[in-house]
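Thanks, everyone. I'll keep this brief. Please have the sequence and the model open.

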Amino acid sequence: MAEKKTDARVRYTKLMIRNSFTSILKEKALAKVTVTDICARAGINRATFYSHYKDPMDLMESLENELLENIVDIINDSLASGEAELQKILPHILSFIQKEADICLIFTSDLSNTGFVMRCLRLIENRFVSTWTSRCKISEELADELYLYGAMGSVGLLHKWLYSGCPQSAEYMADLIIRLFNEGASSFNLHQH
C-alpha cells in the first residue's frame with residue numbers, strides 16, 4: 001500500500017512540475033526557464049525537482065519522449081487491431097495530440113526547434129512515401145521531398161488548430177492533412193508527364 005501512495009505522490013509531483021513548466025513556456029523561451037521558476041510555480045523545492053530531472057532541458061526531453069512513446073503506442077495498437085491505413089491511424093494520433101494540446105502547442109510553436117516535430121513526422125513518413133511511390137509512380141527521393149514539404153505545412157495547420165482551441169474534430173483534421181498530402185503528390189505526378 002505504501003508503494004502505491006509513493007507512486008501516486010510521484011505522479012502528482014511530476015504532473016505539477018509539468019503543468020508549471022508548460023505554463024511558464026507560454027510566457028518565455030526554454031533557454032530562459034530556470035529550475036527556480038518551475039519550483040516556485042509548482043510549489044515544490046529544488047531538491048524535489050532534482051530528484052526527477054537534471055534541468056529544464058532534461059524535463060523538456062522527458063516530455064518529448066513521453067509524448068513520442070504514446071504516439072508509437074497508438075500506431076502499434078492500431079496496427080495490432082488491423083488498422084494499417086494512415087486514414088485510420090492519423091485520427092487516433094490527432095485525438096491524442098488534442099488531449100495533450102498544452103504541451104503539443106508549445107512543441108509546434110517554435111519550428112526552429114524541430115527536434116520533436118521531426119521525430120513525430122518520421123513516425124509516419126514511410127507510410128506516405130511508400131504509398132506515393134507505388135500509386136503515383138514517383139521516385140522515393142521525390143516522395144521524400146513532397147513529404148517534408150507537406151509535413152511542415154501540416155505542422156503549421158496543427159499549430160493553428162491547437163492554438164484556436166481545436167474547433168474541428170481530430171477526424172476532420174486527419175482527413176484534411178491526408179487530402180492535402182495526396183493532392184500534392186498526385187498534382188505533381190500529373191505535371192511530370
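**The cavity, the core and two helices**

Let's start inside. Six elements each supply at least two residues of the lining of the largest cavity: helix 4, helix 5, helix 6, helix 7, helix 8 and helix 9. Please remember that this is a predicted model.

Which helix gives the largest share of that lining? Helix 7 does, with 7 residues. In total, 23 residues line the largest cavity. Nearest its centre lie I93, I97, C120, L121 and L158. The space inside is about 320 Å³. How many cavities of 30 Å³ or more does a search of the whole structure find? The search finds 1.

Now the packing. Nonpolar side chains in soluble globular proteins tend to be buried together. Here the largest nonpolar core has 56 residues. Which of them touch the most other members? L90, I93 and L94 do. Two or more core residues come from each of helix 1 (2-25), helix 2 (35-42), helix 4 (56-80), helix 5 (86-99), helix 6 (101-109), helix 7 (115-135), helix 8 (140-163) and helix 9 (170-191). Helix 8 gives the most, with 9 residues.

Look at I93 again. We met I93 among the residues nearest the centre of the largest cavity. What does I93 contact, leaving aside its neighbours within four places in sequence? The list is I71, I74, I75 and I124.

Three of those contacts, I71, I74 and I75, are buried residues of helix 4. So let's walk along that helix. The other buried positions there are P56, L59, M60, L63, E64, L67, L68 and S78. Note E64 and S78 in that buried set. At the N-terminal end, D55 is the cap. One of its side-chain oxygens lies 3.1 Å from the backbone nitrogen of M57. Just after the helix, G82 takes a positive phi of about 90 degrees.

Does the length of helix 4 fit or not fit its residue count? Helix 4 has 25 residues, and at 1.5 Å a residue they should span 36 Å. The end C-alpha atoms are 36 Å apart, so the two agree.

One last stop: T22, in helix 1. Is T22 buried or exposed? Its relative accessible area is 2%, under the 20% cut-off, so T22 is buried. A polar atom of the T22 side chain lies 3.1 Å from the backbone oxygen of N19. Beyond its neighbours within four places in sequence, T22 is in contact with D102, I103 and I106.

That's my tour. Over to you.

Note on methods
Residues numbered from 1 in each chain as written. Predicted model: local features only at pLDDT ≥ 70, side-chain atom pairs only at ≥ 80, totals over all residues. Heavy atoms only, no water. Core = buried A, V, L, I, M, F, W, Y, C linked by side-chain atoms within 4.5 Å. Buried < 20%, exposed > 50% of the residue type's maximum accessible area, 1.4 Å probe, protein only. Helix = DSSP H or I, 4+ residues; strand = E, 2+ residues; numbered from the N terminus. Contact = heavy atoms within 4.5 Å. Polar contact = N/O pair within 3.5 Å; in protein donor to acceptor, adjacent residues only side chain to side chain. Expected span 1.5 Å × (residues − 1). 1 Å grid on protein atoms, 1.4 Å probe; cavity = no way out; pocket = protein on both sides within 12 Å on 5 of 7 lines; lining within 4 Å. Points joined across faces, edges and corners; volume = space filled by probe spheres on them.
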